[in-house]
Amino acid sequence: MTGDPPSLSDAGRDLLLGSACVGCARPGRVLCHPCAASLPRRGRVSWPSPTPPGLAVPFAGGAYDGLLKALVNAHKEHAVLALAIPLGRVLGDVVRDLLAALGSSGEPVLLVPVPSRGAVVRRRGHDPMLRVTRAAAVRLRRTGVHATARRLLVPAGRVRDQAGLGAGQRAANLAGSMRARRPRPGDRRGLVIVVDDVLTTGSTAREAQRALEEAGLPVAGVAAVAATRRLGRVRDGGSLPFSGPGH
Ligand SMILES: [Zn+2]
């Protein structure tokens, strides 16, 4: 039951927690049923334009605006931790469709989140992308995919704030900004997917891919909750093969 007007239990939660839906401001749950039902359930090929050369095929759940943007920001910036579950569901479904497009045949899948910068994680007291990645792995395991969230990437060196930088500047800013931890022996048997919340220029994902491949872990694809509409060319999932403009 979605309850309209809001149910007593929702109202009770609102009294206790002072919460409201991040999508439509309905008092009660942090994500109401109608908003949750409107979230993307598919992943689509989402090449950034221009595409960083060599970027593994990127999939995203939808455009980075509206409800998706509100969800990502409320979870990341305001630590509304309950939103990791719906964000993980979206990301898990994106990975599912990416795996199908890659022709995956049931091999184990490693979901490697792009690392949050250390100071940011400490200040916020949480690692938003790791939490969403874990929720996505749970989602995938429920559908029979042997998925594991693995924090294999850590920040290295200093990075300026990316805001206001163009694609080329971002790539230069990010070069060498991540390094991979030593993989476990079993890690090499799985399909490695880089995951992030928002795909913008693709330079962050490309840097993550570089660091993993330097550690001997080839990256099969990139999955994001959302992609920026401004730069992303979101194409239909059927328009494979994956030859992006950078290939
Ligand atoms: Zn809502």
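Student: Which two helices each supply at least two residues of the lining of the largest cavity?

Tutor: Two terms before the names: a cavity is a set of points, on a 1 Å grid over the protein atoms alone, where a 1.4 Å probe fits but cannot get out, and lining residues have an atom within 4 Å of a point. Helices (H or I, at least four residues) and strands (E, at least two) are DSSP runs numbered from the N terminus. On that basis, the helices you're after are H3 (66-78) and H6.

Student: What kind of model is this, and what pLDDT do side-chain atom pairs need?

Tutor: Residues are numbered from 1 along each chain as its sequence is written, and side-chain values use heavy atoms, with hydrogens and water left out. This is a predicted model in which totals for chains, interfaces and linings use all residues, local features need pLDDT of at least 70, and side-chain atom pairs count only at pLDDT 80 or more.

Student: Back to the largest cavity: how much space lies in it?

Tutor: A search of the whole structure finds two cavities of 30 Å³ or more. The largest one is lined by Val72, His75, Lys76, Leu87, Pro128, Met129, Val132, Asp197 and Val225. A volume here is the space filled by probe spheres set on the grid points, which are joined across faces, edges and corners. For the largest cavity that comes to about 50 Å³.

Student: Now the second largest pocket. Which helix gives the most to its lining?

Tutor: A pocket is an open set of points with protein on both sides within 12 Å along at least five of seven lines. The second largest one holds about 180 Å³ of space, and its lining is Ala36, Ile85, Pro86, Arg89, Ala135, Val138, Arg139 and Arg142. Two elements give two or more residues to that lining, H4 (84-102) and H6 (128-142). With four residues, the one that gives the most is H6.

Student: Why can I call H4 largely enclosed by the rest of the structure?

Tutor: Count its buried residues, where buried means under 20% relative accessible area, exposed over 50% and partly exposed in between (1.4 Å probe, protein chains only). Just past the end of H4, by the way, glycine 103 takes a positive phi of about 75°. H4 itself is largely enclosed because its buried residues number 14 of 19.

Student: What share of the whole protein chain is buried?

Tutor: The chain's secondary structure comes to eight helices and nine strands. Contact means heavy atoms within 4.5 Å. Among contacts between residues at least 6 apart in sequence, 74% join residues at least 24 apart. Of the 247 residues in the chain, the buried share is 49%.

Student: Is valine 114 buried or exposed?

Tutor: Valine 114 sits in the loop between S3 (109-113) and H5 (118-124). Leaving out residues up to four places away in sequence, valine 114 touches Met129, Met178, Val194, Val195, Asp196, Thr204 and Ala208. Its relative accessibility is 8%, so valine 114 counts as buried.

Student: Ala208 is in H8, right? Which elements do the buried residues of H8 pack against?

Tutor: Yes, Ala208 is among the buried residues of H8, along with Ser203, Ala205, Glu207, Gln209, Ala211 and Leu212. After H8 comes glycine 216, with a positive phi near 90°. The buried residues of H8 pack against S3, S5 (153-155), H7 (167-174), S6 (178-180), S7 (191-199) and S8 (219-227).

Student: Which residues are in contact with aspartate 187, leaving aside neighbours within four places in sequence?

Tutor: Aspartate 187 lies in the loop between S6 and S7. It's a charged side chain, but at 4% relative accessibility aspartate 187 counts as buried. Its contacts are Leu110, Arg150, Leu152 and Leu217.

Student: Any backbone oddities? What is the phi of alanine 25?

Tutor: Most residues other than glycine have a negative phi. Alanine 25, in the loop between H1 (8-17) and H2 (33-37), is exposed, with a relative accessible area of 53%. Alanine 79, in the loop between H3 and H4, also has a positive phi, of about 50°. For alanine 25, phi is near 70°.

Student: And what is omega for the cis peptide bond between serine 49 and proline 50?

Tutor: Most peptide bonds are trans. Proline 50 is found in the loop between S1 (44-48) and S2 (58-63). The cis bond joining serine 49 to proline 50 has an omega of about 0°.
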